[in-house]
Amino acid sequence: MQLSQEIETALSAFAHDNRMSEDEAIARILRERLIAEGHLSSGQEGIPPEKLNATNDD
């Protein structure tokens, strides 16, 4: 995969800061984005956002 120099530099810094390989960094970034977009389950249980209200606000 070809990435721009800007992205390569940012990815390298992210991987270094998080003490992981660039492959691990890519996987982490993709996973977090896919969870945020609702395309991947986080595996965490809890109250779905649409059912949250003031009565279950702990």
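The questions and answers below concern a predicted model of one protein chain.

Colleague: How many helices and how many strands does the protein chain have?
Modeller: This is a predicted model, so the answer rests on runs assigned by DSSP to its coordinates. One of the helices is α2, which covers residues 22-36. For the protein chain the count is two helices and zero strands.

Colleague: What is the distance between the end C-alpha atoms of α2, and what span should its 15 residues have?
Modeller: The expected span is 1.5 Å times one less than the number of residues. For the 15 residues of α2 that gives 21 Å, and the separation of its end C-alpha atoms agrees with this, being likewise 21 Å.

Colleague: Which residue forms a salt bridge with Glu32?
Modeller: Side chains of opposite charge can pair when their charged atoms come close. The partner of Glu32 lies four residues away from it in helix α2, about one turn of the helix. The closest N and O atoms of the pair are 3.2 Å apart, which meets the cut-off of 4 Å, and the partner is Arg28.

Colleague: Are Glu32 and Arg28 buried, partly exposed or exposed?
Modeller: The class between buried and exposed runs from 20% to 50% relative accessible area. Glu32 has a relative accessibility of 44%, while the value for Arg28 is 33%. Because both values fall between those limits, Glu32 and Arg28 count as partly exposed.

Colleague: In the salt bridge of Glu37 with Arg33, which residue is exposed and which is partly exposed?
Modeller: The closest N and O atoms of this pair are 3.0 Å apart. Exposed means over 50% relative accessible area, and Arg33 has 54%, whereas Glu37 has 44%. Therefore Glu37 counts as partly exposed, and the exposed residue is Arg33.

Colleague: Which residue with a positive phi follows α2?
Modeller: Helix α2 covers residues 22-36, and the residue in question comes after it with a phi near 80 degrees. That residue is Gly38.

Colleague: Which residues is Ser41 in contact with, leaving aside its neighbours within four places in sequence?
Modeller: Ser41 sits in the segment after α2 and counts as exposed, at 56% relative accessibility. Its C-alpha atom is separated by 9.4 Å from that of Arg31, ten residues apart along the chain. Contact requires heavy atoms within 4.5 Å, and the residues that Ser41 contacts are Arg31 and Ile35.

Colleague: What percentage of the residues of the protein chain count as buried?
Modeller: The protein chain exposes about 5300 Å², of which carbon and sulfur atoms supply 51%. Of its 58 residues, the share that count as buried is 5%.

Terms used:
Residues numbered from 1 in each chain as written. Predicted model: local features only at pLDDT ≥ 70, side-chain atom pairs only at ≥ 80, totals over all residues. Heavy atoms only, no water. Salt bridge = Lys/Arg side-chain N within 4 Å of Asp/Glu carboxyl O. Buried < 20%, exposed > 50% of the residue type's maximum accessible area, 1.4 Å probe, protein only. Areas by Shrake-Rupley, 256 points an atom, 1.4 Å probe, with all protein chains shown as cover.
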